[in-house]
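Dear colleague,

I am passing on the structure we spoke about, and my notes on it follow below. Please read them with the model open beside you.

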Amino acid sequence: MENLRSYGSVRLKAAIIVMGFSAASSQVLVLRELLVVFNGNELTIGIILANWLILEALGSFLSKEKASIARRPLANIALIQICISVSTILAIMAVRTFRYCLDIPSGESLGIFYIFCVSFAVLFPIAFMDGVLFPYGCRSLSSYQKREEVPAYVYLLQATGAASAGIILIFTLHRLSTIVLSSLLLLVNLISVACYLPLVTEKFKLILTGLIVAFSFFMGSSLPERLNQITAGFLWYEFKVEEVKNSKYSNIAVISREDQYTFLVNGLPYAVSTYDHQIEELAHFPMLFHENPENILVIGSGAGGLLRELMKYEFLMIDYAEPDPFIIDTIRRFSTRLQDEELENEKIKTHLTEGRLFLKENTSCYDIVFVNLPLPSTLQINRYFTVEFFEMVKKRLSEKGIMAISVEGSENFLSEELIRLNRTIYASIKKIFPHVKVIIGNNNIFLGSSEEAIETLAESTASQRFRERKIESRLINSRYIHYRLNKERFGNIEKDISSSSSPYEKTNMDESPHAVWMTMLYDSLLLSPWLNRIQISIGEVSFSFYLAGVFILLTVFVIFQAKNRSNLFFLYYAVGSSGFAGMFMNILLIFLFQIHYGNIYHYLGILTSIFMLGLALGAIGSLKTARINMLNTEVAITSAILAVLLFAASPPVKTEFTLLFILFSMFIFGLLTGFEFLVAVRHSASGTGINFIIGSGRLYAADILGAFAGAIAVATVFIPLFGIVQSLVFLFMVKSAGITLVFLGFIHKKPKLH
Amino acid sequence: MKDNISRRSFLRYSLCTAASLCLAGNNNSEADSTKVTAKEARFYTRVSPDIVKCNLCFRECTITEGRRGFCRNRENTKGMLYSLVFARAGAIHLDPIEKEPMFHNRPNTDILCTGTAGCNFQCKFCHNWHLSQRTPEELSPVVRNIQPEEIVDIAKKMGSGLSFTYNEPTVFYEFMYDTAMLGKKNGLNVICHTNGGMKPEPLSALLKHLDGVTVDLKGFTADYYRDASFSEMKPVLDTLKLIKAKGIWLEIVNLVIPTLNDDLNNIKKMCKWIRGNLGEETPVHFTRFSPSYKMTHLPPTPVRSLENAWETAVSEGLHYVYIGNVPGHRQNSTFCPKCRKKIIDRTHFSVESIDIVKDKCKYCSHPIPGIWKT
């Protein structure tokens with residue numbers, strides 16, 4: 001009998017691991033699809049994650065009471081598990097087809113309203129049911145485990161599943177299509193259900209086995225891949241979709257119309273196979289400002305236009321830093337004559353690495369460094385618009401070398417938002433380069449150099465250089481050079497951007513990514529003007545004001561707890577704020593990692609897995625060490641925040657140490673938040689009179705709500721607006737209040753502290 | 001011992017805190033700084049003491065006290081309609097006339113272009129959305145207060161003409177009208193670039209002071225106008241006919257957007273209509289779209305699509321058909337419809353040579369329609 005019990009327990013635990021694995025996998029798969037459709041930046045990711053978390057919290061909160069009295073929790077879990085997997089496939093299809101169904105052009109950018117509604121609708125069944133699984137998991141495991149240890153085990157097992165999903169997806173996401181992966185997920189869940197539901201009727205067993213066999217055949221056929229291609233075709237339903245694939249870094253699609261191929265990266269046009277005159281401007285104007293350019297470095301989009309234009313210069317050697325080989329492969333496979341020329345040319349040396357890493361590791365010297373990237377709408381792209389990056393570029397430039405970077409502008413009129421953004425970039429370049437020239441256009445080209453000549457270059461000299469170099473161009477000729485460099489036409493706009501009396505000339509730094517905030521304001525103005533107004537209001541209030549406001553709010557909480565000492569508010573605040581801090585630190589540490597070690601795609605899963613490992617070990621720790629109470633963990637979390645704050649505020653240290661510090665902090669925050677959650681569950685279960693499933697369901701909801709607030713706040717407001725150090729000061733304050741509240745809560749419970 | 005948080009008391013504390021936060025955070029006093037000046041509008045009727053009806057464009061907005069029309073820059077104050085953008089230029093800039101585009105009116109000259117805030121359309125692909133989709137208050141920090149006289153003076157000094165463009169000039173009618181009238185008196189080349197949504201009466205009054213008009217014919221189906229521009233097509237067609245009837249120089253622009261309006265059947269119908277109603281000598285520009293405003297997920301128009309449109313228009317008998325926004329394209333230049341020789345050589349906005357003598361083709365003396373004197 002004991003053996004049977006133990007066997008049942010192992011199978012159930014395995015099922016809970018699969019639950020955690022499935023939920024995390026579904027989240028990644030659906031999130032990636034949503035990012036392609038909505039062109040994801042931090043705000044988009046924040047909204048989608050927030051939707052996920054709030055739905056999960058809702059699921060957990062609403063089901064806790066039913067779960068506590070469920071008669072057949074195992075069967076319920078099995079049903080939910082299968083439903084989650086099926087919903088994942090359906091969600092992916094829904095994301096791909098909703099534009100077609102609602103008759104929304106595939107070329108139209110959609111605002112926050114759509115992002116919120118669509119992600120809410122498609123995530124609803126998955127995230128809600130994922131939330132429901134926690135109390136049901138607790139209920140099922142309560143047959144095998146000590147009552148107070150149950151939530152800890154469920155938490156631990158789910159975290160283990162989620163961590164393994166992170167690692168497995170790193171290696172599979174770019175090898176298998178999304179539909180194939182989600183179908184595999186369904187198969188794994190069907191098998192898992194078949195394994196842990198031994199007491200079902202023969203008929204049900206037969207149905208389940210039949211389903212598994214049938215689905216295995218389906219997986220073995222080409223149907224899932226075909227289904228993937230068909231549904232992906234709906235993403236750009238008015239075009240002929242030639243190919244859609246995931247690379248390690250992004251989603252890459254090729255669509256065609258007439259004789260033109262368009263290469264899309266994460267849903268946005270990256271390059272077209274036909275002529276693009278804006279690329280001509282970006283390539284040739286910076287070249288005119290250098291008397292004898294020979295060595296060139298291109299960072300960002302090069303293939304598909306810029307390289308082709310640069311190839312026209314006879315004595316040029318070009319290094320091209322592009323981390324994603326799949327982009328180059330795709331362009332080569334769908335190449336026209338123009339692309340063939342640029343990709344097969346021996347003057348061009350392609351380096352499969354990220355631009356910042358290339359600058360760090362390479363010792364070559366360049367006459368011109370081109371940085372061709374979209375607006376810094378994400379923290380990742382912003383790293384190429386910061387003072388620190390410009391400094392790296394300067395170190396690799398020859399004596400008369402020039403850095404060229406473009407930012408959206410206008411030939412006729414710059415709105416206040418664009419002026420602010422352009423001024424931020426200008427001020428950042430000016431901090432490193434003594435001489436900065438802006439060539440005004442629909443894409444303003446910023447040139448930075450140590451050479452004064454870039455500011456004083458005469459139109460006639462530029463025209464003469466162009467003639468002497470005998471460059472074939474459809475757009476650029478002496479008249480056009482005269483037009484574009486004409487101070488009478490564009491002098492005022494240039495003055496607006498370079499105006500030194502500007503109040504907006506805050507520089508854009510790695511750890512204070514001001515340009516991201518400026519770009520977010522610009523994007524929201526375009527797509528969601530109501531949000532823009534809110535953001536402007538948020539941005540106009542100084543940081544000290546926020547601190548004062550939060551201080552008042554926290555004081556109110558403390559007074560409330562002091563007056564109602566028997567109230568468990570302190571417990572929910574502690575868990576909720578730790579959920580907030582956990583998510584806050586998770587994103588912040590990933591961002592810090594990104595700044596120092598480049599593109600994080602490879603490591604994102606590993607970093608998240610380290611966090612989840614911390615969570616799991618925290619859960620185990622909470623089972624083993626009953627003597628550590630809430631107050632201790634609150635102090636520990638607050639101290640850890642203080643440590644990161646001191647690290648971020650102190651001068652830069654060796655990169656190896658930074659790496660160790662980030663990894664260690666990631667682990668510690670996972671460990672402490674996981675640990676605290678379960679200490680809180682134990683506390684709520686001991687002597688409060690609340691059913692332990694209901695209590696843990698509530699705390700789980702508080703934890704997730706905190707994480708929801710963290711997901712929204714950190715990447716969309718705190719880091720872009722205040723930078724890392726101030727954000728950490730804010731977080732430190734929030735958690736310090738937790739210590740006070742927990743202290744007040746415990747005074748009431750004296751002498752029993754745990 | 002109480003098990004639950006007392007929701008009521010929690011709510012009370014939270015509300016108090018939130019209110020104090022809001023009060024503390026409300027340091028935004030920009031309302032006064034963005035207050036705009038106003039001038040009484042023309043072409044409106046009073047429906048009741050408090051309600052007015054704007055008669056400027058096809059929308060005929062009925063505007064109640066304190067409210068604005070669709071364009072967001074004409075406001076009813078105490079039963080009178082005011083323009084909030086008179087003498088408030090959001091953009092004032094010197095451009096080549098070819099950029100308008102206007103190819104048959106004094107080529108290779110400059111125009112001083114003026115635009116303000118607001119529009120009576122809402123095109124998802126607008127290239128000037130920074131101006132057209134903003135209110136006067138939103139543009140206030142970058143607006144330049146400038147009277148019609150000053151604009152005319154600047155244009156005279158620069159030796160340029162005048163153009164009303166960027167956002168829809170209909171919505172700054174009073175400002176445009178006064179400046180155009182003054183410009184015309186001073187012998188300047190005065191043109192405007194419109195979406196064609198103005199009503200006949202104000203348009204007729206304005207045309208007396210214009211030399212040429214470029215009209216966007218955005219597509220040729222009512223559905224497209226409704227879905228992509230939130231507007232109507234019929235008023236635009238009426239405008240085109242009226243401009244032609246008044247004998248003012250007219251050029252038509254059709255921005256070809258992949259998947260939205262590049263259907264050749266519709267382009268064919270459009271060209272047929274132009275030929276039948278406006279004449280075969282009306283220049284038509286098919287211009288290339290590049291990702292803008294809400295259509296940033298779309299690629300630029302394939303050049304082949306523009307060439308197909310060009311071929312369709314030519315086969316429908318139109319004589320002056322151009323491909324725009326594709327620098328270096330052969331069809332950016334003007335060819336004599338009789339001898340087929342290039343008579344104006346253009347690269348993008350730059351004019352390399354003009355072979356028109358006394359309004360005729362230099363090679364075969366075929367009359368070329370347009371305004372060629374400078």
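In strand 13 of chain B, B:T214 is the bridge partner of B:H193, and this belongs to a parallel pairing of strand 12 (residues 190-194) with strand 13 that extends over four bridges. Between these two strands of chain B the chain passes through helix 7 (residues 200-207) of chain B, making a right-handed β-α-β crossover. Please keep in mind throughout that this is a predicted model.

Strand 13 of chain B also runs parallel to strand 14 (residues 249-256) of chain B, to which five bridges join it, and there B:D216 has B:V253 as its bridge partner. In a regular strand the side chains alternate between the two faces of the sheet. Both faces of strand 13 of chain B are covered, with B:G212, B:T214 and B:D216 buried on one side and B:V213 and B:V215 buried on the other.

In chain A, two helices are worth setting side by side. Helix 2 (residues 42-68) of chain A has 27 residues and a kink of about 35° centred on A:L62; 23 of its 27 residues are buried, so helix 2 of chain A is largely enclosed by the rest of the structure. Helix 7 (residues 202-220) of chain A has 19 residues, and the number of them buried is zero, so this helix lies largely in the open.

Finally, as to how the chains meet, 55 residues of chain A are in contact with 50 residues of chain B. Helix 23 of chain A gives the largest share of the chain A side, seven residues, and that side divides into 23 nonpolar, 20 polar and 12 charged residues.

With best wishes

Conventions:
Residues are numbered from 1 along each chain as its sequence is written. Chains are lettered from A and ligands numbered from 1 in the order in which they are written. This is a predicted model: local features need pLDDT of at least 70, side-chain atom pairs count only at pLDDT 80 or more; totals for chains, interfaces and linings use all residues. The expected span of a helix is 1.5 Å times one less than its number of residues. A residue is buried if 20 or more other C-beta atoms lie within 10 Å of its own, exposed if 12 or fewer, and partly exposed in between; C-beta atoms are placed from the backbone. The bend at a residue is the angle between axes fitted to the seven residues ending there and the seven starting there. Two residues are in contact if their C-beta atoms, placed from the backbone, lie within 7 Å. Ala, Val, Leu, Ile, Met, Phe, Trp, Tyr, Cys and Pro count as nonpolar, Asp, Glu, Lys and Arg as charged, and the others, Gly among them, as polar. Two strands pair if DSSP finds at least two bridges between them. A crossover is right-handed if, with the strands pointing away from the viewer, the path from the first strand over the helix to the second runs clockwise.
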